[in-house]
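Open the model in your viewer and keep the selection panel at hand. The tour goes from the whole chain to one helix, then to one residue.

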Amino acid sequence: FLTRRLPPFPLAATAAAAAAAAAMSSSSTAANVSDRPISPDTTRVAWVGTGVMGQSMAGHLLSAGYALTVFNRTASKTQGLVSSGASLADSPRAAASAADVIFLMVGFPSDVRSTALDPSTGALSGLASGGILVDMTTSDPTLAAEIAAAAAASGCSAVDAPVSGGDRGARNATLSIFAGGDAAVVARLAPLFKLMGNALYMGGP
């Protein structure tokens with residue numbers, strides 16, 4: 001869907017194109033993308049999936065000063081982040097309701113589906129209009145398209161952003177992040193992506 005159709009190019013190279021796209025966006029796109037810059041002072045972040053990689057990646061955001069809410073099916077795996085100042089949610093929906101941007105880093109496409117789309121507990125059911133869901137799991141392109149459509153229907157945005165670099169890359173913030181989606185949304189996420197590694201823009205939906 002989003003991350004497999006075009007050759008990657010550095011996210012910084014999208015800035016001018018993103019600005020132009022934002023200026024020409026339709027009213028529906030404008031509703032999905034806030035003009036507010038992303039920063040620790042203005043942006044609440046949530047993270048679902050605090051396994052070996054997710055815990056390190058979320059930890060970089062917390063260390064940078066972002067207010068962070070976390071959820072993991074095994075709550076004990078969130079303890080390190082909670083001890084460092086993160087808030088613990090009892091579902092992806094609750095995590096999303098406390099965030100402007102929510103990241104998913106879970107195991108399998110089936111986990112992505114339930115985490116993002118479950119009508120009772122899923123992240124999109126709790127994310128307010130204008131919010132952004134970023135799936136960093138290596139998942140299914142068809143599912144990524146489904147999530148993007150569901151997000152748009154809720155007045156939100158979705159970005160498909162799988163990574164490479166493994167545990168070491170997650171710990172050292174040197175991951176390669178293959179981000180696909182609306183150019184303006186992906187460019188807006190740059191302050192968060194740079195805390196985890198190097199983002200490459202893969203094209204739009």
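The stops below start with the whole chain.

**Whole chain.** This is a predicted model. Show it as a cartoon: the chain has ten helices and ten strands. Switch to a surface next. About 8,700 Å² is exposed, and carbon and sulfur atoms supply 56% of that area. Buried residues account for 49% of the 205 residues. Now turn to contacts between residues at least 6 apart in sequence: 64% of these join residues at least 24 apart.

**Helix α6.** Select residues 109-117, which form α6. Which residues of this helix are buried? They are Asp111, Val112, Thr115 and Ala116. Look down the helix axis. The buried residues of α6 fall within an arc of 115 degrees, so they line one face of the helix. The general pattern helps here: an α-helix has 3.6 residues a turn, so residues three or four places apart point the same way.

**Partners of α6.** Keep the helix selected and add the elements that its buried residues pack against. Among the strands, show β2 (44-48), β5 (101-104) and β6 (132-135). Then add the helices α5 (92-97) and α7 (141-153).

**Threonine 78.** Move to the loop between β3 (67-71) and α4 (79-83), where threonine 78 sits. Is threonine 78 buried or exposed? Its relative accessibility is 1%, under the 20% cut-off, so threonine 78 counts as buried. Display its contacts, leaving aside neighbours within four places in sequence. Threonine 78 touches Thr50, Val70, Phe71, Asn72 and Leu88. Of these, Val70 and Phe71 fall within the 67-71 range of β3.

Methods: Residues numbered from 1 in each chain as written. Predicted model: local features only at pLDDT ≥ 70, side-chain atom pairs only at ≥ 80, totals over all residues. Heavy atoms only, no water. Helix = DSSP H or I, 4+ residues; strand = E, 2+ residues; numbered from the N terminus. Buried < 20%, exposed > 50% of the residue type's maximum accessible area, 1.4 Å probe, protein only. Contact = heavy atoms within 4.5 Å. Arc of directions from axis to C-beta. Areas by Shrake-Rupley, 256 points an atom, 1.4 Å probe, with all protein chains shown as cover.
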